[in-house]
Amino acid sequence: MRIKRFVDNLPFYGYEPLVVTVKSKDNVITADDSNVFRASQFTFDAVALPDVLVRKLWDKCGFDSNFRLFERLLLFPDNAVGFVPSAVSKSLEVYKNHGYDLIYVTCKPFSTALAGVLLKKKLKLPLVLDFRDPYALDYHEKVPSYYSVMRKYMEKLVLKYTDYLITNTKGGEQLYKDRYKELNISVINNGFDFRSNCPELKNDKMIISHAGHLYGMKRDPDRLFAAMAKMQGCKILFRSIGDTYKGIMQKAKFFGIEDKVEIIGNLPHEQALAHIYQSDVLFLSQLPHVDRYFSVSIANKSFEYLETGKPVIADLPEGDNAELFRSYSSNSYVITDKDPEKVYLALRDLYGKWQSNSLKPKVNPEFIAKFNGRTLTGMLSDVFNSILGKNAL
């Protein structure tokens with residue numbers, strides 16, 4: 001959504017985006033695809049067989065079978081590396097036929113940054129990289145030491161040729177400023193695209209919705225489910241939108257609340273938003289509470305949650321995401337420690353407000369002004385202007 005937001009709004013600032021992306025019938029960039037050029041991606045399915053065989057042999061020898069030698073070496077820096085040759089070729093073709101002044105690349109996958117560097121060296125154009133997540137400085141992803149060294153080298157190489165780096169959180173910006181002191185870096189957060197004007201409603205149950213994936217329960221609803229179990233006589237329904245992972249219902253059965261959990265499954269974005277608008281409370285989880293530490297990431301759904309003004313139970317670590325809710329949501333409950341009682345107290349308080357019909361959305365005007373798609377794209381155009389030596393349009 002971040003890239004589509006920029007593509008849709010850049011013309012308002014005098015820029016015509018030409019998009020090179022992977023061939024995929026499911027990947028919609030704009031309603032009008034006349035400025036979209038698709039390149040094929042070579043997939044390395046043959047890597048899977050030797051990788052599995054080596055891992056089984058490794059396992060039998062008593063070593064860690066998660067070594068993933070072939071996958072990590074042949075699919076480096078990631079499994080999208082097969083897109084790089086065709087992306088470069090297609091981009092050179094677009095340059096020959098249309099011309100462009102600047103190369104903007106979004107990561108991840110990090111492989112696209114390699115394509116950007118190759119284009120910069122060939123065309124002598126400025127390169128802007130947009131890191132939606134840290135790459136070598138991603139401390140949440142645990143990788144072997146040899147692979148960490150490989151990634152640090154690759155990141156350093158790519159950033160050597162980068163004219164400007166964009167991150168989507170302040171924490172991410174600080175990580176890279178500390179490491180790459182000479183690099184031009186700034187933050188452009190993710191945001192929202194549509195104003196919902198959510199109606200005030202009264203459901204027959206207090207509906208708590210979570211939108212998006214729980215990533216195999218890495219975003220764990222344990223503490224919320226435990227709180228719901230303590231309120232068995234209450235009319236509460238947890239609705240999972242966009243995640244059909246069977247572990248959700250298994251966990252609900254463990255807590256004895258399977259009748260209070262509903263799995264909607266994957267939906268188009270607009271339909272998922274419609275469910276959010278019809279909810280009373282929204283739920284956000286980031287990292288398991290047993291592995292709770294500072295995070296520089298902000299879940300994309302946070303901005304769509306905040307746009308509605310609905311109260312959010314935000315069960316997450318200290319960091320950028322927690323600070324976003326503290327700054328722009330006066331009716332949300334930000335829980336950053338390991339005390340499960342705080343989730344229960346938040347749920348009990350919300351239920352009391354729901355019963356008394358005082359659970360109302362509270363939209364923050366400052367948030368709406370700062371994080372809408374048009375404003376954020378204006379920040380991107382300012383970066384382009386500074387690189388190309390243009391005055392603000």
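This passage describes two groups of paired strands and two helices in a predicted model.

An open sheet is built from four strands in the order β3-β4-β5-β6, and the pairing is parallel. Strands β3 (103-107) and β6 (185-187) occupy the edges; each has a single partner strand, so one side of each is left without a neighbour in the sheet. On average, neighbouring strands of this sheet are turned by 20° against each other, direction ignored. The contact between β3 and β4 (residues 127-131) consists of five bridges, with the two strands running parallel. Within this pair, Cys107 has Phe131 of β4 as its bridge partner. The sheet is also crossed by a helix: α15 (residues 373-388) lies across β3, β4, β5 (164-167) and β6. The direction of α15 makes an angle of about 170° with that of β5.

A further set of pairings involves strand β8 (residues 236-241). Strand β7 (residues 206-211) is joined to β8 by six bridges in the parallel sense, and Ala211 has Ile241 of β8 as its bridge partner. Strand β9 (residues 261-265) also pairs with β8 in the parallel sense, here over four bridges. In this second pairing, Phe238 stands opposite Val261 of β9. Strand β8 is mostly covered, and six of its six residues are buried, a state that corresponds to under 20% relative accessible area. In a regular strand, side chains alternate between the two faces of the sheet. In β8, Ile236, Phe238 and Ser240 point one way, while Leu237, Arg239 and Ile241 point the other way. The residues of both sets are all buried, Arg239 and Ser240 among them.

Helix α4 (residues 84-97) comprises 14 residues. From its first C-alpha to its last, α4 reaches 20 Å, close to the 20 Å expected at 1.5 Å a residue. Its buried residues are listed as Val84, Ser86, Ala87, Val88, Ser91 and Val94. An α-helix has 3.6 residues a turn, so residues three or four places apart point the same way. The buried residues of α4 pack against two strands and a helix, namely β1 (19-22), β2 (36-39) and α5 (111-123). Just after α4, the backbone at Gly99 takes a positive phi of about 75°.

How values were computed:
Residues are numbered from 1 along each chain as its sequence is written. This is a predicted model: local features need pLDDT of at least 70, side-chain atom pairs count only at pLDDT 80 or more; totals for chains, interfaces and linings use all residues. Side-chain values use heavy atoms; hydrogens and water are left out. Two strands pair if DSSP finds at least two bridges between them. Axes are lines fitted to C-alpha atoms, for helices over the stretch in contact, and angles run from 0 to 180 degrees between N-to-C directions. Contact means heavy atoms within 4.5 Å. Buried means under 20% relative accessible area, exposed over 50%, partly exposed in between (1.4 Å probe, protein chains only). The expected span of a helix is 1.5 Å times one less than its number of residues.
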